[in-house]
Amino acid sequence: MKKIINLCLLLMLGQLGINGAHATCKDAQVPGEGEARGSGCRERPALQVMACEPEWGALAKEIGGDDVVVYTATTGLQDPHRIEARPSLIAQVRRANMLVCTGADLEAGWLPLLLRQAGNPRVQPGAPGYFEAASFVTKLEIPTRLDRSEGDVHAAGNPHIQTDPRNIAQVAEALSKRLGEVDPAHAAAYQSRHAAFSAKWNTAMQRWEKRAAPLKGVAIVVQHRGFPYLSNWLGLREIATLESKPGIEPSSSHLSAVLAQLQRQPAKMVIHAAYQGDRASAWLASRTSIPVVELPFTVGGTPEAQDLFSLFDDTVQRLLKAVQDTGSGQ
Amino acid sequence: MKHHFGRSRHPASRGTSASMRVAVMGMIAAALSLPAVAQGSMIGSSANAFNPAISLILSGTYTHLSQDPAAYSLSGFALGDAASPGQRGFGISPSELHLSSNIDPDLYAAMALIINPDNTVSLEEAYFQTTGLGNGFTLKGGRFFSGIGMINQKHPHAWDFIDEPLAYRTFLNFQYGDEGLQVRWVAPTETFIELGGEALRGSGFVAGGNEKNGIGAHSLFAHIGGDAGVSQSWRVGGALLNAAPRGRESGAIGAGLPDTFSGDSRLWTADFIWKWAPNGNPGIKNAVIQGEYFWREDDGLMSGAVSGITGDYHARQSGGYLQGVYQFMPRWRAGLRYDVLATHELNDASGALADPNYKPSRVGVILEFAKSQFSRFRLQYNADQSQPGGVDHQVYAQYQLSLGAHGGHQF
């Protein structure tokens, strides 16, 4: 037994030697970490960015281009509230020059654990390498009553800011500045990429808003309170939530109450994010004949949502289809 | 206010526990009211805005044991004072009070106070940890749970079963915490590789009674981990704890008749954990399989309290467990665990230990319902054959509540 453990320790050390040498070569090229280059390292210097959610990974790629290497910690099919503080994520935080996360306590269950174990001061809260998107937008649903009897509420307000493209625009501007601060050698490149992105984004926003005009005032039911920013942007009216409290699985008594409410006050659709199971939404749909709309919620949530632009193309498309299917009028 | 720290069990006066309670309630109230005060967009300047994060774990257990826990012993194993299947009937588990905060841009500190059911207080952890060293290094100092094993670093409320694995009960006297320094280094690789070492006082069991200048016990550990696709992740680890106990107490400690061991004690540990969650989304379904294996070598002198003989003592003993926990639907989990201990070699000239020709084992099943992320209710059954002379049927029913700030758990 003892010999086996000894052998394992030796093997671990062996692997370390190989990887360690390789990594030193990479580290030497990271901007702001010394200018040592050459010595067999021919890769282009690139800033290691770890994005907590896919939307920020996509945004970092838009603005960072070839000057960054982006690792996205979660996929569009994962619940960003509940991520395991996995060893692979600790290793990524260890390597990162910059973290791009939502903040507003969305990652409270896992990011602090990663940060404490990674031994990387470049990305600790307070360092320039720690970027919280939610601190650059106006947040909705800031609770006036903070108590766990209200479920999994976020003290700083609703953190799902990425469903409003106007928020993306604000975060993009802040991110381009921050990238320039962390990696001054490429500040101009970040700025010019941001200018190009911003122009394209504004055009796209006009297009989405024009297309989504029929959605204004449409009554909807949401499964989780994940869409206040989307509703705010498009003028959707959220009249009921299937989770009685945020983060608490919908109970049958609460669902019955929602059903009764919908008989008095009908809704056009029930929406849920792709990462959530559609059990509760499907149950409601089977009893009311209103359609269930699965929204991508973030990049990669649906096959169509490949980047930030197609994320909103697809979101608007899916909402419009539901309204057309149920006919016009309210 | 007088507090009782350490593992010794002093009966606390009523006044002490009452004033303690008031102070604790006050701290919690302050923490919970903080965000309400700071309600609005930005946190204003207020004296309590820099309070540490406070969390409290409350838990209670109903225990049914078919064999008398007072007579619990494992033949051939020198057990510490905390080795027990628990007390019969209703009871509360130790309440855990955690406080933690960043100290400055480079330091973090945390404390875990345990308020025992007998109204004594023990300081489970109190340490600082660096966040600003860089290059993957982290230094921790104070009193903390050692990095050996896997669940050893986790607080008991984060364990998947209500009671500890037999290997922990036997070789670590429940869990190994000590005072000293720990250095960890994470490699800058895509695969998670972590190496660590500890220089310790040597006051916890395994070491035990080893108070001297210099280092009383030291450990080395290594972990490797990663993902296999988006749905699976894993970690394996190995460690060595080297201690030189001087008068390590075992046996009838409560009765004032402890056997004592002095010599060298080396504990080797190997562990693995594998987690599965469809699409990496553990909320609906997930599974965890983990196991740990311990090997201990004791060489020295044992003094038997009853026999009155001090003589050569050499032991080669091992133990481990394998367990699987499956979340089959949201909020519901079921688990199965198998425990085993073995004595490979035992020369005990003192006659302190009973016949080692018995291989203790235990099978446990557990069902868990989590009302939310902050409360869980568990029911566990063990068929415990850790003692010769029939199966001890053990039933535990437990509630566990988490109040206040509570981050996630380690992998």
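Modeller: Let's start with a term: a cavity is a set of grid points where a 1.4 Å probe fits but cannot get out. Keep in mind throughout that this is a predicted model.

Colleague: Thanks! With that in hand, how many cavities of 30 Å³ or more are there?

Modeller: There are five cavities that reach 30 Å³ or more. The largest cavity holds about 120 Å³ of space.

Colleague: Which residues lie nearest the centre of that largest cavity?

Modeller: They are Glu84(A), Arg86(A), Ser233(B), Ala277(B) and Gly280(B), out of a lining of 13 residues. In chain B, the elements that give two or more residues to this lining are β10 (232-243), β12 (257-276) and β13 (286-303). Sorted by class, the lining of the largest cavity has five nonpolar, five polar and three charged residues.

Colleague: And what about the second largest cavity, how much space lies in it?

Modeller: About 80 Å³ lies in the second largest cavity. Its lining has 15 residues, and Glu53(A), Glu55(A), Pro80(A), Phe297(A) and Thr298(A) are the closest to its centre. By class, that second lining divides into six nonpolar, seven polar and two charged residues.

Colleague: From which domains of chain A does the lining of the second largest cavity draw at least three residues each?

Modeller: From domain 1 (43-141 + 152-206) and from domain 2 (213-325), both in chain A.

Colleague: Now for chain A as a whole. What does its overall make-up look like?

Modeller: Chain A has 10 helices and eight strands. Of its 330 residues, 55% are buried. Among contacts in chain A with a separation of 6 or more, 62% join residues 24 or more positions apart.

Colleague: How should I read burial for a single helix, and why is α4 of chain A said to be largely enclosed?

Modeller: The idea is to take each residue in turn and ask whether its relative accessible area is under 20%, which counts as buried. Helix α4 (residues 111-118) of chain A is largely enclosed by the rest of the structure because six of its eight residues are buried. The buried ones are Leu111(A), Leu113(A), Leu114(A), Leu115(A), Gln117(A) and Ala118(A).

Colleague: What do those buried residues of α4(A) pack against?

Modeller: Within chain A they pack against β1 (47-51), α3 (87-95), β3 (98-101) and β4 (130-132), and from chain B they meet β6 (137-145) and β7 (177-186). Just after α4(A) comes Gly119(A), with a positive phi near 60°.

Colleague: Which residues are buried in helix α2 of chain A?

Modeller: In α2(A) they are Pro54(A), Glu55(A), Trp56(A), Gly57(A), Ala58(A), Leu59(A), Ala60(A), Ile63(A) and Gly64(A). That is nine of the 11 residues in α2 (residues 54-64) of chain A, so this helix too is largely enclosed by the rest of the structure. The partners of these buried residues are β1, β2 (68-72), β3, α5 (165-182), α6 (187-211) and α10 of chain A. Gly65(A) follows α2(A), and its phi is positive, near 55°.

Colleague: Leu59(A) caught my eye. Where does the largest nonpolar core come in?

Modeller: That core has 60 residues, and Leu59(A) and Leu319(A) have the most contacts inside it. Helix α10 (residues 308-325) of chain A gives the largest share, nine residues. Both domain 1 (43-141 + 152-206) and domain 2 (213-325) of chain A give residues to this core, so it lies between them. Not counting residues up to four places away in sequence, Leu59(A) touches Ile168(A), Val171(A), Ala172(A), Leu175(A), Phe197(A) and Leu308(A). Another core, of 35 residues, lies apart from it and includes Tyr127(B), Ile148(B), Met150(B) and Ala243(B).

Colleague: Back to backbone angles. What is the general expectation for the sign of phi?

Modeller: Most residues other than glycine have a negative phi. Here, Glu141(A) has a positive phi of about 55° although it is not a glycine. Glu141(A) sits in the loop between β4 and α5 of chain A, and with 35% relative accessibility it counts as partly exposed.

Colleague: What is the phi of Asn119(B)?

Modeller: Asn119(B) has a positive phi near 70°. This residue is in the loop between β4 (107-115) and β5 (121-130) of chain B, and at 37% relative accessibility Asn119(B) is partly exposed.

Terms used: Residues numbered from 1 in each chain as written. Chains lettered and ligands numbered in written order. Predicted model: local features only at pLDDT ≥ 70, side-chain atom pairs only at ≥ 80, totals over all residues. Heavy atoms only, no water. 1 Å grid on protein atoms, 1.4 Å probe; cavity = no way out; pocket = protein on both sides within 12 Å on 5 of 7 lines; lining within 4 Å. Points joined across faces, edges and corners; volume = space filled by probe spheres on them. Helix = DSSP H or I, 4+ residues; strand = E, 2+ residues; numbered from the N terminus. Nonpolar A, V, L, I, M, F, W, Y, C, P; charged D, E, K, R; others polar. Domains from an automatic or database assignment. Buried < 20%, exposed > 50% of the residue type's maximum accessible area, 1.4 Å probe, protein only. Contact = heavy atoms within 4.5 Å. Core = buried A, V, L, I, M, F, W, Y, C linked by side-chain atoms within 4.5 Å.
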